[in-house]
Amino acid sequence: MAKYLINPNGPLHGEVEVSGSKNAVLPIMAAALLTEGTCEILDVPVLLDVDVMCRLLRSIGSEIKEFYDHNTIEITTKTIAQEEAPNELVKKMRASILVMGPLLARTGRARIALPGGCAIGTRPIDLHLKGLKALGARIETEEGFVVASAARLYGSNIYLDSPSVGATENIMMAAALAKGMTILENAAEEPEIVDLANFLNKMGARIKGAGTDTIKIEGVKQLKGTRHSVIPDRIETGTFMLAAAITRGDICIKNVVPDHVKPVTAKLKECGVHIEDAGDGMLVDARGKALVATDLKTLPYPGFPTDIQSQFMAFLTTVQGPSLVIENVFENRYMHVNALNRMGAHIKIEGKAAMIEGGRTLRGTEVFATDLRAGAALVLAGLAAKGATEISEIFHIERGYSDFIEKLRKVGANIVRIEEL
Ligand code: UD1
């Protein structure tokens, strides 16, 4: 199993370019199943999760070509070979559930194993199923699988109990080929939803309101192939902002949409980090500053992203004063806390709340990643720690960060990937 070995190397400095968004590309790839035409997707990040989605689509019948130029992939699904997502792939990645809406809309049937992915809570799929049911699908469960079927889907009024990202995406994709109008209320408003809607509209869908809490989808008979560039990854952007902050360095981050990281920018500014628009990038400068604590709570977009909570917490252990973090989106997203405490942090958990005593000097030690973002938090802690940090179970990190090590090394980190027999 491979590990990361990090040695202290002072403040990070330089330029880094963010890749295409993981959470945008996965639903876009699934949406390519809605047409027989060829979908050309540009700025695709090189990630294990993208690889899993490629394998999943191939098993369904897609032909996928990969090009190095602009990190492009081309997906063509002339016929659906099987309406089933195999358990072996689905259990590796929760986003596999996103093929359900497209398969159902295209063939009238989808059989999907109950999904896996990061162990950050129970993560049910009831809202996905409720939405598809409202569009006329019959939902049955059998031996760990869920089967959705419908001779035809019909537009409907759907109110989501909570604004689930995945459920919004699945419903939007299925409704794109339904007969009539779907009005989806209390929808998720994440930038990745907007990117998916833009992609679907280029395919010929009629979707309005993506990015607000009410999305209107007028079903069409057929969708066609198209060409689309994936938006920059706002979670990777936030992670590099925190890499600059935790090492008290300065990094110019390229290929960013500043609006997408506003909640992270606002919180870092409260702590005393200088952030400015650098024309074609964003400059994050934490050099020579006495940084102070802040409180934060995670919320659906445009609130503070749960996917940056663990990285921000690693940073908060190093600033002066106590902080309070409230995790509202997932019920089990504090798995990085044990490892951070072993590195010298002082964090107490009580239900949704984490109390952080700031001003600690982190010490390198042997830790392991428990999920994707928890793993990223440990990398950040290792960059700021005294002594060597060894992180195992790094496949979690490689699920979601493209060229992470190379990018960190480019801004001065002393981090290597070691293969262990
Ligand atoms: C997506 C992101 C993930 C991010 C999350 C929240 C992808 C591939 N992943 O995950 O990185 O952390 O949004 O921003 O885009 N829930 C239900 N029933 C459902 C669906 C969800 O109760 O049917 C709950 C979940 O358990 C969780 C909350 O709703 O507590 C948010 O989940 P959701 O927004 O669906 O996240 P994902 O789409 O899984």
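**Exercise 1. Work out the layout of the sheet that contains β2: what is the strand order, and which strands are at the edges?**

Step 1. In this predicted model, 4 strands make up an open sheet with mixed pairing, ordered β2-β15-β17-β16.

Step 2. Now for the edges: β2 (13-17) and β16 (274-277) each pair on one side only, which makes them the edge strands.

Step 3. Ignoring direction, neighbouring strands of this sheet are turned by 15 degrees against each other on average.

Step 4. Zoom in on one pair. β2 runs parallel to strand β15 (residues 250-254), with 5 bridges between them. Valine 16 has isoleucine 253 in β15 as its bridge partner.

Step 5. Add the helix. α8 (residues 234-246) lies across β2, β15, β16 and β17 (281-285), and α8 runs at about 165 degrees to β15.

**Exercise 2. Describe the pairing of β4 and β5: parallel or antiparallel? What is special about the phi of histidine 70?**

Step 1. Strand β4 (residues 63-67) pairs with strand β5 (residues 72-76) in the antiparallel sense, over 5 bridges.

Step 2. One of the bridge partnerships joins phenylalanine 67 to threonine 72 in β5.

Step 3. The two strands form a hairpin with 4 residues between them, and histidine 70 in the turn has a positive phi of about 55 degrees.

**Exercise 3. Find other backbone oddities. Where do glutamate 143 and aspartate 403 sit, and which peptide bond is cis?**

Step 1. Start with the background: most residues other than glycine have a negative phi, and most peptide bonds are trans.

Step 2. Glutamate 143, though not a glycine, has a positive phi of about 40 degrees. Look for glutamate 143 in the loop between β8 (138-142) and β9 (145-149). Its relative accessible area is 76%, so glutamate 143 is exposed.

Step 3. Aspartate 403 also has a positive phi, near 50 degrees. Its place is the loop between α13 (395-398) and α14 (404-410). With 43% relative accessibility, aspartate 403 counts as partly exposed.

Step 4. The cis peptide bond goes from tyrosine 301 to proline 302, with omega near 10 degrees. Proline 302 lies in the loop between β18 (296-297) and α10 (309-316).

**Exercise 4. Take stock of the salt bridges: how many does the structure hold, and which parts of the chain does the pair of glutamate 84 and arginine 111 link?**

Step 1. The total is 24 salt bridges.

Step 2. One of them joins the side chains of glutamate 84 and arginine 111, at 2.9 Å from N to O. This pair links distant parts of the chain: glutamate 84 is in strand β6 (residues 84-85) and arginine 111 in strand β7 (residues 109-113), 27 residues apart.

Step 3. Check the cover on each partner. Glutamate 84 is partly exposed because its relative accessibility is 23%, while arginine 111, at 14%, counts as buried.

Step 4. Next, arginine 206 and glutamate 218 form a salt bridge, with their closest N and O atoms 3.3 Å apart. Here too the pair links distant parts of the chain: arginine 206 is in strand β12 (residues 206-208) and glutamate 218 in strand β13 (residues 214-218), 12 residues apart. Both partners are partly exposed, arginine 206 with a relative accessible area of 48% and glutamate 218 with 36%.

Step 5. Aspartate 259 forms a salt bridge with lysine 262, and their closest N and O atoms are 3.7 Å apart. Aspartate 259 is partly exposed at 46%, whereas lysine 262 is exposed at 52%. As for a network, Glu15, Lys254 and Asp280 are joined into one by salt bridges that share partners.

**Exercise 5. Is lysine 267 buried or exposed, and which residues is lysine 267 in contact with, leaving aside its neighbours within four places in sequence?**

Step 1. Locate lysine 267 in helix α9.

Step 2. Its relative accessible area is 18%, under the 20% cut-off, so lysine 267 is buried.

Step 3. With those sequence neighbours left aside, the contacts of lysine 267 are Thr294, Asp295, Leu296, Phe304 and Phe312.

**Exercise 6. Which residues form a nonpolar surface patch with Leu48?**

Step 1. Leu48 shares the patch with Met1 and Phe395, and together they have about 290 Å² of accessible area.

Step 2. Leucine 48 lies in helix α2 (residues 48-60) and, at 37% relative accessibility, counts as partly exposed.

Key: Residues numbered from 1 in each chain as written. Predicted model: local features only at pLDDT ≥ 70, side-chain atom pairs only at ≥ 80, totals over all residues. Heavy atoms only, no water. Patch = residues over 30% accessible without salt bridge, like charges linked within 9 Å, V, L, I, M, F, W, Y side chains within 5 Å. Areas by Shrake-Rupley, 256 points an atom, 1.4 Å probe, with all protein chains shown as cover. Salt bridge = Lys/Arg side-chain N within 4 Å of Asp/Glu carboxyl O. Buried < 20%, exposed > 50% of the residue type's maximum accessible area, 1.4 Å probe, protein only. Pairing = 2+ DSSP bridges. Axes fitted to C-alpha atoms, helices over the stretch in contact; angles between N-to-C directions. Contact = heavy atoms within 4.5 Å.
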